[in-house]
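Work through the exercises below with the structure open. Each task is followed by a solution in steps.

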Amino acid sequence: MTRPAGGVRRDREGVARGTRRRLGLTHRADNPELTKRYFREAPGSRRTHVHVRELGSFSQQLPLLFRDYLRAHPDAAAEFAEVKRRCARQFRDDRQRYVSAKEPFVWDIVRRADTWAQRVGWRPGPSDA
């Protein structure tokens, strides 16, 4: 536990402990990504996923690029939404198969987003958080 300037107590995951408690979030220590902390809802609560990413890391920049590309390309966003809905219907009770089924489309979007980023000179903007 550290106490940075300003006196806010933070746990080693970098999320204010009081905020975590108030929101009922549980740290998922089994997340293999070292530049991202992953939090879930407390048992019995509404499903919630919170990702806290290290500033400047690939883990932070890739989702921002993905988000910005979809915002700039509504047709691609609609296509992605339909893929997710179709996969959710098909694999309602199997999260791993849902993730695997949409993965090829996600990587296709990443390739398109990278091409777009190079063309427009994209830089990561602020988070929506």
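**Exercise 1. Strand pairing**

How many bridges join strand S1 (residues 25-27) to S2, and in which sense do they run? The model is a predicted one.

Solution. Step 1: S1 and S2 are joined by three bridges and run antiparallel. Step 2: within this pairing, the residue opposite His 27 is Phe 39 in S2. Step 3: S2 also pairs with S3, over five bridges and again in the antiparallel sense. Step 4: here Tyr 38 has His 51 in S3 opposite. Step 5: five of the six residues of S2 are buried, so that the strand is mostly covered, counting as buried anything under 20% relative accessible area.

**Exercise 2. Helix H2**

Compare the expected span of helix H2 (residues 58-72) with its end C-alpha atoms, then state what covers its buried residues.

Solution. Step 1: H2 has 15 residues, and at 1.5 Å a residue these should span 21 Å. Step 2: the end C-alpha atoms of H2 are 21 Å apart, which agrees. Step 3: the buried residues of H2 include Leu 64, Leu 65, Phe 66 and Tyr 69, and also Arg 67 and Asp 68. Step 4: their cover includes strand S2 (36-41), strand S3 (49-53), H3 and H4.

**Exercise 3. H3 against H4**

Classify the packing of helix H3 (residues 74-90) and helix H4 (residues 95-120).

Solution. Step 1: their axes come within 9 Å and cross at roughly 170 degrees. Step 2: angles over 145 degrees count as roughly antiparallel, and H3 and H4 are therefore roughly antiparallel to each other. Step 3: the contact involves, among others, Phe 80 and Val 83 of H3 and Phe 105 and Ile 109 of H4. Step 4: by type, the contact residues are 10 nonpolar, no polar and four charged.

Definitions and conventions: Residues are numbered from 1 along each chain as its sequence is written. This is a predicted model: local features need pLDDT of at least 70, side-chain atom pairs count only at pLDDT 80 or more; totals for chains, interfaces and linings use all residues. Side-chain values use heavy atoms; hydrogens and water are left out. Axes are lines fitted to C-alpha atoms, for helices over the stretch in contact, and angles run from 0 to 180 degrees between N-to-C directions. Helices (H or I, at least four residues) and strands (E, at least two) are DSSP runs, numbered from the N terminus. Angles under 35 degrees count as roughly parallel, over 145 as roughly antiparallel, 65 to 115 as roughly perpendicular and the rest as oblique. Contact means heavy atoms within 4.5 Å. Ala, Val, Leu, Ile, Met, Phe, Trp, Tyr, Cys and Pro count as nonpolar, Asp, Glu, Lys and Arg as charged, and the others, Gly among them, as polar. The expected span of a helix is 1.5 Å times one less than its number of residues. Buried means under 20% relative accessible area, exposed over 50%, partly exposed in between (1.4 Å probe, protein chains only). Two strands pair if DSSP finds at least two bridges between them.
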